[in-house]
Amino acid sequence: MRPPPPLLLTMLVLAAARPGCEPAWGPEGKAGPPGPGAMCVDLQLQSCSDVAYNRTAFPTLLQHRSRAAVESSSEYILLSVLHHLLEGQCNPDLRLLGCAVLAPRCEGGRVRRPCRHVCGALREACQPAFDAIDMAWPYFLDCGRYFSGPEEDCYDPLEKLRGGLDIEEALPSSHPHTFIQFTHHSYAQMVRVLKRTATRCAHISKTYSIGRSFDGRDLLVIEFSSRPGQHELMEPEVKLIGNIHGNEVAGREMLIYLAQYLCSEYLLGNPRIQRLLNTTRIHLLPSMNPDGYEVAAAEGAGYNGWTSGRQNAQNLDLNRNFPDLTSEYYRLASVRGARSDHIAIPQHYWWGKVAPETKAIMKWMRTIPFVLSASLHGGDLVVSYPFDFSKHPQEEKMFSPTPDEKMFKLLARAYADVHPMMMDRSENRCGGNFLKRGSIINGADWYSFTGGMSDFNYLHSNCFEITVELGCVKFPPEEALYTIWQHNKEPLLNFMEMVHRGIKGMVMDKFGKPVKNARILVKGIRHDITTAPDGDYWRLLPPGAHIVIAQAPGYSKVIKKVIIPARMKRAGRVDFILQQLRTGPQKFLPGSRRGWPGGEPQEPDQDPLGARRQPTTGGSKPWWWSYFTSLGQHQPRWLLKY
Ligand SMILES: [Zn+2]
């Protein structure tokens, strides 16, 4: 036990001498908490059971004189539900911070205050989350009032949370936000960086989980879009996936850095990043195999064998675990007139072992109309594209192109051509044997395998996915990570921008009603794209003239000729209005009020994911207010901003 510093004692005397009804430790943080003589008692608050200490004292910093008084206070109730109100953002950090005030730490008959700089950093990071739900910053988290500085022997209430590892968090809040830690990230660190990034950029970013790994870790995605949480009409969607093989970790780190980079650059006003995020919805899944990563990370960088941690916790190779639709494709392709796109998952697939990680990706693909994707691997330096499974089952290396061979080559080049190492002309470099091919290769021509994610994307959905091998070392040492980022930043951006190559538009009937699941056919490319539920579509196309046809059951087809220039920043808009074949009673459908055809379609006014986060208007109370009023006499009006 340490004696209280003299400064603190002086302050206590002053505070005690002050007459009147001021709290014992008054505002502006001038007065200290009770000194020697406070009676430490066991901390028994359920919502504070995970704080780093177990003794507290009464009265608390808010003048509550008993445990019952704390438990019935609106401050405590707020802490208990804050996680839900903020949709997980900034928690458990905020709750622990609040606990440090509501159940102050007591040691050796002395109450210790939490540190002001921790409060300040959290407030800066979390203010947007409060703004998003129209809630005022809680008065009892006033950093100047209830927190103190190191000279008063403050402690860090979040220390346990970051295990002393997360340096960035501990930095004073004045540190520039562009600061990215080019280190490896444990699962907990990754989650915290992504959530913090989403909070910092709350107006353009959001995190969500697509499911859990076999060991129960959330497969956390960070999303960037001008309207996070929802699909916007005709805005293409891109996904980038890292760490599908748990021991190939560079991709995981690249996506963690990319998330921070996109957020910071957007805030700084970088025009390229602003244009990208304003016209594209981007989803980053840094780790598809967090369980495998743990196995690999336990061995550490440099010591990792070729396969340790590659598989998931069930010992399944996730990039062999997807349904083999490529065999079915080869069969259908030989049948005249048969469709060989959007191939259904065969029943027998479900009889085998399907990893929860694989299932999560398939479910994700069903809910979002992805157009473009990349899966980031390690162990070589090359970009490969479908098919991965050879058209001749016995041939282990056989060029096996998709009908979109030209486009896939362009996509692969968009990555490789701006990657300084992939463009390095020396043959003895990592991945040097791909030099003559410009560091890109058809997957099956490299080595053939079934059950891969890229083939599945192409054959089951509208999404085009490439595979990037980021370098020869699967688990690079930390010192190498910054250079790897420098090499891959431009390729990643350039690749994502490729989603705007080709055409996009709406398919609708003459009343302006969107036609979902309509087919977009391109002459000479036997692979159809289908429209999303809102009737919008995207067709990646290489430069040149194309005949494009839109058709749907019950409608006559419409044919258009389009010319794609060699350079383009934005997909050309090509809409199709289909005529109904059958005549019969027709209802006036709500879609027609949007005023198509003719005018520009408006964005849908529905907000299924974020409906409850609608800003309040006309002086009405925010949605969460009814929760507090339902509790009776405690109405924390201090949470109301207006
Ligand atoms: Zn791999």
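How many salt bridges does the count come to in this structure? The count comes to 26 salt bridges, and several of them are stops on this tour of what is a predicted model.

**The whole chain**

Begin with the entire chain in a cartoon view, where the secondary structure comes to 19 helices and 20 strands. Of the 642 residues, 57% count as buried, and among the contacts between residues at least 6 apart in sequence, 74% join residues at least 24 apart. Keep that last figure in mind, since some of the later stops show pairs of this kind.

**The zinc ion**

Select the zinc ion next, and display the side chains of His245, Glu248 and His377. The protein donors are ND1 of His245, two OE atoms of Glu248 and ND1 of His377, and they lie 2.0 to 2.6 Å from the ion. Written along the sequence, the spacing of these donor residues is H-x2-E-x128-H. The 4 donor atoms subtend angles of 54 to 154 degrees around the zinc ion, so the arrangement is irregular. If you colour the residues by accessibility, His245 appears as buried because its relative accessible area is 3%, and Glu248 likewise counts as buried at 3% relative accessibility.

**Glu248 and its charged partners**

Stay on Glu248 and add Arg310 to the selection. Side chains of opposite charge can pair when their charged atoms come close. Glu248 forms a salt bridge with Arg310, with 3.5 Å between the closest N and O atoms. Glu248 sits in the loop between strand E7 (237–242) and helix H10 (250–268), while Arg310 sits in the loop between helix H12 (290–299) and helix H13 (326–333), so this pair ties together parts that are 62 residues apart in sequence. Both Glu248 and Arg310 are buried.

Now add Lys474, whose side chain also meets that of Glu248 in a salt bridge, at 3.2 Å from N to O. This pair links distant parts of the chain, for Lys474 belongs to the loop between strand E12 (464–471) and H18, 226 residues from Glu248. Lys474 is buried, as is Glu248.

A further selection worth making is the group Arg105, Glu107, Arg110, Arg112 and Asp153, which salt bridges with shared partners join into one network.

**Asn243, in the loop of Glu248**

Return to the loop between E7 and H10 and pick Asn243, which lies there. Most residues other than glycine have a negative phi, and most peptide bonds are trans. Asn243, although not a glycine, has a positive phi of about 60 degrees. With a relative accessible area of 0%, Asn243 is buried.

**From Phe58 to Glu71**

Move to the peptide bond from Phe58 to Pro59, which is cis, with omega near -5 degrees. Pro59 is in the loop between strand E2 (55–56) and H2, and Gln63 is found in the loop between E2 and H2 as well. The phi of Gln63 is near 75 degrees, a positive value in a residue other than glycine, and Gln63 is partly exposed, with a relative accessible area of 25%.

Follow the chain into helix H2 (residues 67–71), where Arg67 and Glu71 both lie, 4 residues apart, or about one turn of the helix. Their side chains meet in a salt bridge of 3.3 Å, N to O. Is this pair buried or partly exposed? Arg67 is partly exposed at 38% relative accessible area, and Glu71 counts as partly exposed at 31%.

**A second cis bond**

Select Pro386 and Phe387, which are joined by a cis peptide bond with omega of about 0 degrees. Phe387 is in the loop between strand E10 (380–385) and helix H15 (405–416).

**Helix H18**

Finish with helix H18, residues 481–497, whose 17 residues reach 24 Å from first C-alpha to last, close to the 24 Å expected. Look along the helix for Asn488, where H18 bends by about 35 degrees, and for Pro491, a proline that follows within four residues. The buried residues of H18 include Leu481, Trp485, Asn488, Pro491 and Leu493.

Centre the view on Leu493, which is buried with a relative accessible area of 2%. Apart from its neighbours within four places in sequence, Leu493 is in contact with Leu258, Tyr261, Leu262, Arg272, Ile273 and Leu276. Leu493 and Leu262 are 231 residues apart in sequence, yet their C-alpha atoms are 9.7 Å apart in space.

Notes
Residues numbered from 1 in each chain as written. Predicted model: local features only at pLDDT ≥ 70, side-chain atom pairs only at ≥ 80, totals over all residues. Heavy atoms only, no water. Helix = DSSP H or I, 4+ residues; strand = E, 2+ residues; numbered from the N terminus. Expected span 1.5 Å × (residues − 1). Bend = angle between axes of the 7 residues up to and from the residue. Buried < 20%, exposed > 50% of the residue type's maximum accessible area, 1.4 Å probe, protein only. Contact = heavy atoms within 4.5 Å. Salt bridge = Lys/Arg side-chain N within 4 Å of Asp/Glu carboxyl O. Donors = N, O, S within 2.8 Å, 3.2 Å for Na, K, Ca; no water. Tetrahedral: all angles 85-135°; square planar, octahedral: opposite > 155°, others 65-115°.
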